[in-house]
Amino acid sequence: MVTLEPLLEVRGLRKRFGHVEALRGVDFVVHPGEIVALVGDNGAGKSTLVKILSGALQADEGEILLDGAPVRIPSPPAARALGIETVYQDLALAPALGTAANLFIGREMLRRGLLGRAGFVDKSAMRDSATASLERLGVRLKDIDSPVSDLSGGQRQSVAIARAVTWARRVVIMDEPTAALGVVQTQRVVDLVRRVRDSGVAVVLVSHNMPQVLELADRIEVMRLGARAAQFRAGEVTGGDLVAAMTGATTVGGTS
């Protein structure tokens with residue numbers, strides 16, 4: 001159940017690229033244990049907001065609060081240290097490596113004692129931990145040691161999400177997680193997103209897929225021209241309402 005206190009909150013965020021104002025005082029809220037969809041037309045500012053929350057860009061003005069306290073996110077490692085993980089459209093997987101290696105890439109487990117101090121990786125421990133993470137999320141792979149390049153699109157997406165969830169303590173941001181998938185693979189990823197939410201990690205879902213947004217999201221935030229255009233609760237909005245808010249065809253309000 002969603003609590004009243006925000007887990008992640010953005011207030012008055014602004015970002016300029018030369019004469020272009022990509023974000024114009026954006027407000028955005030994520031509560032613990034919810035899937036909040038972030039929707040908007042191309043150029044609405046979604047990608048810029050996600051990059052700021054993931055540490056890839058810095059805002060010019062505004063503040064970000066985590067558990068009610070102001071935080072700075074100067075880099076992707078800083079975002080990860082705060083418990084914020086991002087799954088990008090390109091997945092950022094190493095295709096020649098296996099699933100376990102991808103889950104721990106950049107955060108490898110070292111062997112104990114002198115071997116660990118010498119930099120030797122504990123592949124067995126990483127494999128066991130990766131297997132447990134995949135089982136917890138219901139991700140089934142025939143061979144966890146096979147190169148990620150041998151996996152289907154849906155399986156690769158599942159690996160990318162599992163990696164984010166393995167390390168996320170607070171929020172997972174997913175940028176178009178099913179954009180290039182077929183029907184069966186899409187449903188598997190949708191089920192996985194729900195499991196992530198049910199594990200207590202908040203999910204920010206960036207998507208152009210309105211039926212999927214209406215199916216998955218607990219709450220929907222609409223952006224238009226670099227600002228928040230509307231907020232809606234699940235079950236109280238139609239696809240037509242979302243399109244109207246995204247395009248500015250009509251003024252629509254919502255509840256926070």
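**Cores, loops and an aromatic pair**

Val172 makes a good starting point for a tour of this predicted model. Leaving out residues up to four places away in sequence, Val172 touches Glu85, Val87, Ala164, Val165, Val201, Ala202, Val203 and Val204. Apart from the core described next lies another core, of 27 residues, with Leu23, Val30, Leu66 and Val204 among them. Val204 thus appears both in that core and in the list of residues touched by Val172.

Val172 itself belongs to the largest nonpolar core, which has 35 residues. Val172 is one of the residues with the most contacts inside this core, a group that also includes Val87, Leu137, Ile161, Met174, Val193 and Val196. The elements that give two or more residues to the core are α3, α5 (123-137), α6, β7, α7 and β8 (202-206). Which of these elements gives the most? That element is α6, with 6 residues.

Helix α6 also takes part in an aromatic pair. The count of such pairs in the model comes to 1. The ring centres of Phe104 and Trp167 are 5.5 Å apart and the planes stand at 90°, so the pair is edge-to-face; the cut-off for that label is an angle over 60 degrees. The two partners come from distant parts of the chain, 63 residues apart: Phe104 sits in the loop between α3 (99-103) and α4 (113-117), while Trp167 is in helix α6 (residues 153-167). Are these two residues buried or partly exposed? Phe104 is buried, with a relative accessible area of 3%, whereas Trp167 is partly exposed, with a relative accessible area of 25%. Another ring, that of Phe17, has a charged partner: the charged end of Lys15 sits over this ring, 5.4 Å from its centre.

The loop between β7 (171-175) and α7 (183-198) holds Pro177, and Glu176 has its place there too. Pro177 is buried, with a relative accessible area of 3%. Not counting residues up to four places away in sequence, the residues touched by Pro177 are Gln157, Val189, Leu205 and Val206. Between Pro177 and Val193, which are 16 residues apart along the chain, the C-alpha atoms are separated by 9.2 Å. Val193 is one of the residues with the most contacts inside the largest core. As for Glu176, its phi is near 50°, a positive value in a residue other than glycine. Glu176 is buried, with a relative accessible area of 12%.

A positive phi in a residue other than glycine also occurs at Asp67, where the value is near 55°. Asp67 lies in the loop between β4 (61-66) and β5 (69-71). Here the setting is partly exposed, with a relative accessible area of 47% for Asp67, while Glu176 is buried.

The tour ends in helix α7, where Arg197 is found. Is Arg197 buried or exposed? With a relative accessible area of 17%, Arg197 is buried, because buried means under 20%. Which residues does Arg197 contact, leaving aside neighbours within four places in sequence? These are Gly33, Glu34, Ile35, Val203 and Asp218. Val203 is also among the residues touched by Val172, which brings the description back to where it began.

Notes: Residues numbered from 1 in each chain as written. Predicted model: local features only at pLDDT ≥ 70, side-chain atom pairs only at ≥ 80, totals over all residues. Heavy atoms only, no water. Phe/Tyr/Trp six-rings, centres within 6.5 Å; stacked < 30°, edge-to-face > 60°. Helix = DSSP H or I, 4+ residues; strand = E, 2+ residues; numbered from the N terminus. Buried < 20%, exposed > 50% of the residue type's maximum accessible area, 1.4 Å probe, protein only. Lys NZ or Arg CZ within 6 Å of the ring centre and 35° of its normal. Contact = heavy atoms within 4.5 Å. Core = buried A, V, L, I, M, F, W, Y, C linked by side-chain atoms within 4.5 Å.
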